[in-house]
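Hello,

Here is the structure I promised to pass on. Please open it alongside this note. My findings come after it.

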Amino acid sequence: MNAVAARPPTGYVMPVPARNDRTDDVFVGRTAELALLRAHAEHARSGRPRIVLVEGPAGIGKTTLVRRFFDQDAPEHVLWAAGEHTEQALSFEVLRRLVGGTPVPGALAAPLGLLGSVDPGEPVDAFTLGGAFLDLLGELQRNGPVAVVIDDARWVDAESLNACVFALRRLGRDQVMAVLITRDGADPYLHEGLRRLLATQDVQRLALAGMDAGDLVEFSGRLCDRELSAGAAQRLGSHTAGNPLHARALLEQVPVKELCDLSAPLPAPRSYAMLVLASLAGCSPEAQRLVEAAGVLGQSCPLDSAARLAGVAAPLGPLEEATSRGLLRERPTTAGLAIAFCHPLDRAAVYRDLGPARRALLHRKAADLSVNGLEALRHRSRAALGPDTALSEELAGHARGHAKRGSWAVAGELFTLSAGLSGTPGGRARRTVDAFEALMLAGQTEEARSLSAALSRAEAPATCDYVHGHIAAVDGRLPEAAALLGEAWQLCDQGRDPHLAARIAEQLARLCALEGKGAETALWAERAAHPRPEHAGSDLTHFLRVIGLASSGAVPAALAHQDGLPDPAVATFRELDALLGHAAVRLWTDDLERARRDLLGIWDAGRERSAQFRGLAGWLLAQAEFRLGRWDDALVHGETAVSIADGTAQAWLTPMAYAMAALVPTCRGDWDHARAHLDAAVDHAGRVGSATALGYAAYTSAHLAAGRNDHEGVIAALRPFLDLEPTRAPYEPGILPWQDLLIDALVAAGDDAQAEELLESFAGRAVACGRHSALAAAARCRGNLHAARREPGPAESAFQEGLRQIARVDLPFEEARLRLSYGRFLRRCGKRGQAAAQLGAARSVLAALGARPLLRLCDQELAACGRQPAGGRDEPARLTPQELAVSRLVATGLTNRQVARELVLSVKTVEYHLGHVYAKTGVTSRTALAAALARTGPP
């Protein structure tokens with residue numbers, strides 16, 4: 001394809017090479033890489049030449065990316081040539097192709113003309129030709145920028161490289177962008193001159209990684225008749241390292257339906273497997289047996305285990321042979337030498353080639369040799385030739401043990417193996433449902449979803465409806481979930497299958513909780529909480545019962561057994577469930593410090609709990625920290641809750657997590673970040689449609705509007721609450737404190753009548769439940785209403801009552817809002833001294849929190865009082881929330897990998913954020929960062 005076919009020719013244009021690889025007709029992703037290439041091209045256009053190295057393994061799409069870039073944004077001249085392995089001995093072959101077809105100006109005809117001579121008659125000097133090539137680039141720039149692309153640089157002849165490197169080293173203010181494409185810029189087989197050039201700081205490196213799961217979903221949809229599921233795409237990405245060539249080979253080799261079956265192992269692409277097996281065939285018999293044993297034991301294993309399984313007494317020689325052929329690599333560990341396959345596809349090729357008989361034999365032998373009972377079980381199950389009832393029950397027993405400890409992923413794997421070995425349809429269905437539930441609790445929703453296809457509604461209608469209803473609930477399709485679960489409840493024989501009945505009841509309790517129906521939540525949770533000795537059940541049953549009672553007004557009943565619960569660090573699986581519920585109730589009843597302390601303990605003790613448990617714990621902890629004024633901590637746990645909910649496809653929780661994560665940025669005036677999170681919350685809430693999801697999104701939207709002094713925006717966001725029945729959870733003052741925001745907005749908008757009506761209802765509830773936070777908020781609203789009506793006496797009394805109530809609960813931000821309102825009222829009454837005292841107290845809190853919108857308002861009021869604002873933290877957190885989260889965890893001594901696990905991020909992402917933290921703070925070590933945070937707080 002001609003690189004500039006769409007524009008009139010302004011100079012000499014070399015054709016970009018024709019497409020001949022197998023992935024270039026489907027191009028997805030790479031937006032960041034294309035943007036980086038565009039930025040380098042802009043530098044070149046401005047007379048700052050760029051040398052860009054595009055590197056990555058074979059099939060990763062290096063040539064495709066560069067070709068795509070020049071298709072979209074070609075300069076005036078593109079000179080493109082590629083090295084060929086078979087032509088590496090031909091002198092100046094690549095340089096000849098670079099300049100061939102380009103009319104050479106007369107002054108350069110002599111030196112460059114030698115490239116076309118079969119026998120030039122005199123030695124051709126690379127440096128002479130390099131100088132001529134540099135001059136040619138200068139001439140071509142008269143008509144615009146020039147791009148030089150050298151593909152497969154490893155196979156370029158030495159003479160061409162000498163000439164090209166000579167020219168590229170001497171670029172000054174040229175409009176030249178040189179792109180060099182190779183597998184590895186540090187490849188020792190690269191030409192020495194090229195390696196020296198690539199080692200300089202002037203070279204911009206662009207290392208291509210594999211496609212991520214989202215790209216693979218799009219890639220599969222473009223190639224096949226249907227898209228991969230998210231889980232299948234993630235697994236395919238891990239199996240192929242996201243390599244487009246390998247991924248495409250598997251998509252063409254294996255139907256998408258089979259790829260979406262996450263219980264079936266993935267093969268290696270046939271062409272790739274042939275290369276691996278050819279390499280294996282060239283090994284000695286001992287090395288072959290060692291590699292095959294490693295394939296049975298997994299992607300990596302101890303060397304001594306593989307040697308014993310292979311029957312190789314002296315494994316170091318065979319290992320050296322396998323490593324020299326690129327089949328295995330060494331992995332030194334504290335427990336001794338381990339070995340691993342260089343790529344998951346290598347292991348897949350070796351394992352598949354064993355054949356069923358040899359594979360089963362090796363698995364049986366591995367089971368006999370294994371000292372780990374769980375590993376022995378896995379090998380025995382993979383060696384089984386058909387249904388094995390005894391082994392199925394043994395697997396199920398181990399699975400139940402892991403489930404009771406909260407090891408959901410292991411339990412799901414073992415239940416899946418048990419289902420496959422069960423001898424009866426009923427047994428298979430029961431074990432499949434056990435596996436489904438465990439995988440859902442592990443957050444492996446795609447794996448769980450794939451199991452649902454194994455259930456027959458004709459054989460087990462209640463079970464099928466429960467499974468599909470559970471999936472719909474997690475996906476956020478709540479009306480569909482309610483219909484399916486209601487039908488499952490009707491069809492379930494509760495006497496014969498109490499465990500299924502309990503599972504259905506818990507899902508119905510969750511749906512009621514999401515709709516804010518407290519009494520119904522408690523009722524269904526009671527039905528779900530019957531003893532299930534051989535089933536662990538979910539880890540939210542007691543939580544749902546407790547919050548259902550509390551949100552329906554039965555707080556004493558909800559907290560009836562709280563004194564009998566242990567510290568979270570020593571709590572059992574079920575006790576942590578109850579502790580989470582009681583911590584939520586303490587949060588809602590103003591017992592904030594105890595709620596935070598319990599939630600921190602639950603957060604630390606619940607690291608192995610389900611994704612839904614971890615997400616809820618982080619979400620509640622962020623709320624407690626927000627109310628207590630610990631906003632930096634709230635940012636960390638709010639972002640973590642988002643990562644968990646989003647990363648494990650907990651659609652029912654995702655909008656609430658995003659809304660909570662947006663709250664601190666909103667109150668700090670970080671509008672862009674707040675808007676991004678709030679948009680995500682609103683979008684997810686619209687898809688879920690639950691009253692709770694919509695409520696939290698509306699609450700944060702109202703805060704955003706209030707921060708921008710948009711009273712009508714506050715009213716629009718919160719007015720839908722007025723249509724809810726007063727028995728719904730959002731009307732409980734401690735759960736979602738929205739009423740005072742709406743009342744203040746109505747007062748500011750001049751709607752005193754509706755403000756007073758809502759205030760009386762709100763104050764009545766606050767009195768009835770004795771909630772000091774709500775009583776203080778109601779008093780502030782009453783003071784603002786009387787102040788708007790120019791009734792100074794009642795307003796003064798209301799504000800004073802607010803101060804008495806707020807003194808009984810630790811709510812720094814709410815106290816600052818109250819004092820700011822009171823100070824504004826006093827200033828308007830001409831009591832500037834008293835006003836300044838209230839405003840000064842408010843300002844010190846707002847400055848410490850970094851609440852810039854209210855801080856600016858407070859400073860305006862102080863200025864009107866004739867006072868200069870006192871010193872304070874006026875420029876809060878310039879770190880982004882993710883940077884802040886990373887820096888705070890790093891400061892506690894965690895490694896990058898531990899931080900990644902805590903925040904549910906990749907290690908690469910943590911490293912990226914930490915680099916930005918160092919750049920912004922000016923510190924250069926983890927120790928200095930910890931000291932800076934301890935000394936001054938986050939910058």
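Below are notes on one sheet, the helix that packs on it, and a second helix further along the chain.

Please keep in mind that this is a predicted model.

The sheet first. It is open and has 5 strands, in the order β2-β3-β4-β1-β5. The pairing is parallel. β2 (77–82) and β5 (203–207) are the edge strands. Each has a single partner, so one side of each lacks a neighbour in the sheet. From one strand to the next, the twist averages 15 degrees.

Now look at β1 and β4. Strand β1 covers residues 50–55 and strand β4 covers residues 176–182. They pair in the parallel sense over 6 bridges. To find your place, start from E55: its bridge partner in β4 is T182.

Helix α1 (residues 31–45) packs on this sheet. It touches β1, β4 and β5. The direction of α1 makes about 145 degrees with that of β4.

Next, helix α14, residues 303–310. Which residues of α14 are buried? They are L303, A306, A307, L309 and A310. Viewed down the axis of α14, these buried residues fall within an arc of 165 degrees, so they line one face of the helix.

What do the buried residues of α14 pack against? Three helices are listed by name here: α13 (285–297), α15 (316–324) and α17 (356–369). The strands β6 (300–302) and β8 (336–341) are also among the partners.

One backbone detail to check: G311, just after α14, takes a positive phi of about 70 degrees.

Best wishes

How values were computed:
Residues numbered from 1 in each chain as written. Predicted model: local features only at pLDDT ≥ 70, side-chain atom pairs only at ≥ 80, totals over all residues. Heavy atoms only, no water. Buried < 20%, exposed > 50% of the residue type's maximum accessible area, 1.4 Å probe, protein only. Helix = DSSP H or I, 4+ residues; strand = E, 2+ residues; numbered from the N terminus. Arc of directions from axis to C-beta. Contact = heavy atoms within 4.5 Å. Pairing = 2+ DSSP bridges. Axes fitted to C-alpha atoms, helices over the stretch in contact; angles between N-to-C directions.
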